[in-house]
Amino acid sequence: MTVPHSFVQSPEFAAFAQCVRAARTCRRFREDVAVPLSTLHALVDTARVCPSGANRQPLRYAVCADGARNGAVFPHLRWAAYLKDWGGAVSGERPAAYIAVLCDRKGSPTPEIDLGIAAQTIQLGAQALGLGCCMIGAFDRDGVRAALGMDTPPHAELDLVLVLALGVPAETRVLDTVGADGDIRYHRDADGTHHVPKRPLESVLLPVHGGNAQDKG
């Protein structure tokens, strides 16, 4: 059985594809707009039912949405390595909430695939709710642990592997096509719009056994 080409042209797939394209990393937020804990719980509830290697489900989550604790988390995060002249979001443009992802490595020695699936699911869910999201892998683990109260047993036995920053976006992010120079670095223009270069389809889609059959419609 072949999936009809009309499926790709369906409104449902178009909406999904648009959500993926719009879910660009966000680094500046409307800090004054609160994100309810119930929203964070809903995002985690969606992530927890994602596929998991051998169904081991090694990931755990800690959520935070209050100003004082957010303020304790923020200094321990590292932002936007390509933006050399940007020191990070100023007060008023910082995340309104965080989801920290921890891992029980005793339950799964290789949780990286689970982590990617869960993080992308949370980011797409955030986009569907009108929120921006930044997946942060560069941070002071001891500092974030202490800020979230995850530095004592039994939580101290879990690895802190990712922090997702969330909030209503306060910046415009757009997709560009990687140019002839091959530069994949994101950047901001004079208006502050954040540009994210992506490789075109023809450069990432490889031929199989000398070529794929042409789509007949």
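**Note on a predicted model, starting from Thr 172**

1. Thr 172 sits in the loop between E4 and E5. The model is a predicted one. At 47% relative accessibility, Thr 172 counts as partly exposed, because that class runs between 20% and 50%.

2. Which residues does Thr 172 touch, leaving out those up to four places away in sequence? They are Gly 192, Thr 193 and His 194. Take Thr 193: Thr 172 and Thr 193 are 21 residues apart along the chain. Their C-alpha atoms are separated by 5.1 Å.

3. His 194 is worth a look from the other side of that contact. It lies in strand E7, which covers residues 194–198. Is His 194 buried or exposed? His 194 is buried, with a relative accessible area of 1%, since buried means under 20%. Thr 172, its contact partner, is partly exposed.

4. The contacts of His 194 involve several parts of the sequence. Not counting residues up to four places away, His 194 touches Arg 27 and Leu 83. It also touches Thr 172, Arg 173 and Val 174. Tyr 186, His 187 and Arg 188 complete the list. Of these, Arg 173 and Val 174 fall within strand E5, residues 173–177.

5. Now the whole chain. There are 7 helices and 7 strands. Read along the sequence, the pattern is α-α-α-β-α-β-α-β-α-β-β-β-β-α. The C-alpha trace spans about 60 × 50 × 30 Å along its principal axes. The chain has 217 residues, and 37% of them count as buried.

6. How much of the contact set joins residues 24 or more positions apart? Among contacts with a separation of 6 or more, the share is 77%. The pair Thr 172 and Thr 193 is 21 residues apart, so it falls short of that 24-position limit and is still in contact, with heavy atoms within 4.5 Å.

7. Surface and charge come next. The accessible surface of the chain is about 12,800 Å². Carbon and sulfur atoms hold 55% of that area. There are 22 positive and 23 negative charges, and their mean positions are 3 Å apart.

8. The largest pocket has a volume of about 420 Å³. It is lined by 13 residues. Closest to its centre are Val 20, Arg 21, Leu 175, Arg 199 and Leu 201.

9. Which elements each supply at least two residues of that lining? They are helix H2 (11–22), strand E5 (173–177) and helix H7 (201–204). H2 gives the largest share, 4 residues.

10. The loop between helix H3 (37–47) and strand E1 (59–64) deserves a check. Asn 55 lies there. Its phi is near 55°, a positive value in a residue other than glycine. Asn 55 is exposed, with a relative accessible area of 52%, because exposed means over 50%.

11. Gln 57 is found in the loop between H3 and E1 as well. It is not a glycine, yet its phi is positive, about 50°. Is Gln 57 buried, partly exposed or exposed? At 41% relative accessibility, Gln 57 counts as partly exposed.

12. One peptide bond should be inspected by eye. Pro 153 and Pro 154 are joined by a cis peptide bond, with omega about 0°. Pro 154 lies in the loop between helix H6 (141–148) and strand E4 (159–167).

Technical notes. Residues are numbered from 1 along each chain as its sequence is written. This is a predicted model: local features need pLDDT of at least 70, side-chain atom pairs count only at pLDDT 80 or more; totals for chains, interfaces and linings use all residues. Side-chain values use heavy atoms; hydrogens and water are left out. Buried means under 20% relative accessible area, exposed over 50%, partly exposed in between (1.4 Å probe, protein chains only). Accessible areas come from the Shrake-Rupley method with a 1.4 Å probe; for residues, only the protein chains shown count as cover. Lys and Arg count as positive and Asp and Glu as negative; His and the chain ends are not counted. The place of a charge is taken as NZ of Lys, CZ of Arg, CG of Asp or CD of Glu. On a 1 Å grid over the protein atoms alone, a cavity is a set of points where a 1.4 Å probe fits but cannot get out, and a pocket is an open set with protein on both sides within 12 Å along at least five of seven lines; lining residues have an atom within 4 Å of a point. Grid points are joined across faces, edges and corners, and a volume is the space filled by probe spheres set on the points.
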